[in-house]
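Trainee: I would like to work through this model one step at a time. Please show it first.

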Amino acid sequence: MEAPAPATVLPRSRHPIASRQLSNGAQKVLRRLRQSGRNACLVGGSVRDLMLGRRPKDYDVVTDARPEDVRRLFRNSRIIGRRFRLVHVLFAGEVVEVSTFRGAPDPDAQRRSAGELLVTSDNTYGTPRQDAFRRDFTVNALLYRASDRAVVDYVGGIQDLERRSLRVIGDPNVRYREDPVRMLRACEFAARLDFEIEEETLGAAFAHRRDMAKASPHRLVEELLQLLSSGRSAAAFDWMGRSGLLPVVLPEVDEVSGPSSGANSFSNLARLLDERVRAGPEVPTAVLLSSLLLPRVVVGRDRLETGGARVHRRRLQQLVDDVVADFGERFALSAARRSGMKKALDTFQRLCEEPRSSRTVQSLVRRDAFGPAFELFALLTAATGGGAEALEAWRRRAETVPADQPPRAAPRRRRRRRRRPRRRHL
Ligand code: ATP
Ligand code: MG
C-alpha cells in the first residue's frame, strides 16, 4: 500500500493564529482536554477564519476523547446527536462543539441500494488524518493543535487558502453523491470568503445538480438560512447560477435572475438584503425566507390585477398561501415557519395598499407581523425605486401608534360594497 503523503505542519511561528485570539470557551476546552492528557485541536471554520484574519462565527474542537469522557470533564456540557454523538460545552454566550476524531464510515452500517453513495450512518471513530479527509473542503479541514499550537494540514488546505480556492476533499463526484448539501455549501463559502470555486469542484456540482433533490430538506433550509444571513447572498446566488443549482433548489429565484429579468432581477434584491444584514440588527427568519418569495408574490398580484381589476383580498391571501405552501413543502418547513412567512407576506400585501381608515392603520401596525412586513416593503422599495413615500408614511404611523394601548372598539360593522379599486403604492 502506498504510504500517505505527510501532513504539512506550520509551527506557531509560521502562522498567524495566536491562542489569545480564541474565544474564552475554546481556550478553556482545549486547555482542559490537554490537561487530562488528550489530543485536542481546533478545526473547521474557526481555523480557516483565523488563518484568513477573519473573526470565527463559532469554535469546533476535535479530540481523541470519547463523548462520555468529554461530558465528564465539563460539568456545563451535554451530549447531542444520534447519528454521530458530540458534546456541546456551554459557556455564557457561547457553545463549543466537541467531537471525537471520525474514521471511515463502516460499510456494513450503511442503508443503501446498489450504486448509491448517500451516507446514512457514520458513527465510527478514527485518527486525525481520517477525520480531516471526511470533511467537505480543504480549507475546512485544517487543525490547530493545542499541544504545540501548530497548524496541521493533511489535505492541502493551506495552499488553497493562499490561492483563495474552494476545493472539495477527494473526488467531488463521490463527495457530492454522499452528501448533496455540500454543493450548496460550496456556493455559500465561496461567496462568504470571496474565493473562487476550483474547476472540478464547480464542474461536478453542475453534473450532480439534480441530486439536490435527494438532500435532506431540513439541512438544506438551514444552509439556506446561513447563506441568507451571511451578508453575501448575492454572490452566493451567482455561484448557484453558475453551478446550475439555482433552478433546482430555488426556481423562484432562478425565474427572476439573470439579465433578461431587468428591474426584477433578484440579484438587486439580494444585494439590498445583504446591506440590511450587514447593517444589523439580526434579520428575522421570516424576512430572510420570505424575501425569496417576494418576486413571485408581486408578479402574481400584478397578474391578478391586470387591467386595473379589483382583486378580492381573499384572492391575494390565496396567492400568498399557494406560494408559501409550495416552498414550505419543498423544504419541509415547520408549521411555525410557514405561518411566520404567511403572516409577513399577507401583511406586506396590506402595506402595499393605501389604508382606508385610522382603525386599519392601528390594527396593521399592531400586528406581530408588521415588523417583518415593513422590512419586506423596505426591501422592495429600495429594489424597485417605487413606494418610498408610502414607506415613510408607514414608518411614521408605526412611531405614532402607541403599542401598549388596545385598539379602539370596533364600530358596528355595516356592510358596504366597495367599488373603488384599492389604491396601491407598490
Ligand atoms: P461557519 O463559519 O459557517 O461556522 P464552518 O466551516 O465552521 O463554517 P460548519 O457548518 O460549522 O461550517 O461545520 C463545521 C465543520 O464541519 C466544517 O468546517 C467541515 O469541516 C465539517 N462539515 C460540515 N458540514 C460538512 C459536510 N456536509 N460534509 C463534510 N464535512 C462537513
Ligand atoms: Mg462553524
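Trainee: Which residue of strand 5 is the bridge partner of Ile79?

Mentor: This is a predicted model. Strand 4 (residues 77-80) pairs with strand 5 in the antiparallel sense over four bridges. One partnership is that of Ser77 with Val89 in strand 5. For Ile79, the bridge partner in strand 5 is Val87.

Trainee: Which residue in the turn between strand 4 and strand 5 has a positive phi?

Mentor: Strand 4 and strand 5 form a hairpin, with five residues between them. In that turn, the residue with a positive phi, about 90 degrees, is Gly81.

Trainee: What is the bridge partner of Val87 in strand 6?

Mentor: Strand 5 and strand 6 (residues 94-100) run antiparallel and are joined by five bridges. Their hairpin has two residues between the strands, and Gly93 takes a positive phi near 75 degrees there. Val87 also serves as the partner of Ile79. In strand 6, the bridge partner of Val87 is Val98.

Trainee: Is strand 5 largely enclosed or left open, and why?

Mentor: Buried here means under 20% relative accessible area. Five of the six residues of strand 5 (residues 86-91) are buried, so the rest of the structure leaves this strand largely enclosed.

Trainee: Which strands stand at the edges of the sheet?

Mentor: The sheet is open and has eight strands in the order 1-8-7-2-3-6-5-4, with mixed pairing. Each edge strand has a single partner strand, so one side of it is left without a neighbour in the sheet. From one strand to the next, the twist averages 30 degrees. The edge strands are strand 1 (8-10) and strand 4.

Trainee: Which helix gives the largest share of the shell around ligand 1?

Mentor: The shell has 16 residues, and Arg48, Lys57, Asp179, Arg182 and Arg192 are the closest. By class, twelve are charged, three polar and one nonpolar. Helix 2 (45-51) and helix 7 (181-193) each supply at least two residues. The largest share, four residues, comes from helix 7.

Trainee: How much of the accessible area of ligand 1 does the protein cover?

Mentor: Side-chain N or O atoms lie 3.0 Å from a ligand 1 oxygen at Arg135 and 3.3 Å from a ligand 1 oxygen at Asp58. A nitrogen atom of ligand 1 is 3.1 Å from a backbone N or O atom of Asp136. On its own, ligand 1 has 580 Å² of accessible area, and the share covered by the protein is 80%.

Note on methods: Residues are numbered from 1 along each chain as its sequence is written. Chains are lettered from A and ligands numbered from 1 in the order in which they are written. This is a predicted model: local features need pLDDT of at least 70, side-chain atom pairs count only at pLDDT 80 or more; totals for chains, interfaces and linings use all residues. Side-chain values use heavy atoms; hydrogens and water are left out. Buried means under 20% relative accessible area, exposed over 50%, partly exposed in between (1.4 Å probe, protein chains only). Two strands pair if DSSP finds at least two bridges between them. A residue is near a molecule or strand if one of its heavy atoms lies within 4 Å of it. A polar contact is a pair of N or O atoms within 3.5 Å; within protein, one must be able to donate a hydrogen and the other to accept it, and residues adjacent in sequence count only if both atoms are side-chain atoms. Accessible areas come from the Shrake-Rupley method with a 1.4 Å probe; for residues, only the protein chains shown count as cover. Ala, Val, Leu, Ile, Met, Phe, Trp, Tyr, Cys and Pro count as nonpolar, Asp, Glu, Lys and Arg as charged, and the others, Gly among them, as polar. Axes are lines fitted to C-alpha atoms, for helices over the stretch in contact, and angles run from 0 to 180 degrees between N-to-C directions.
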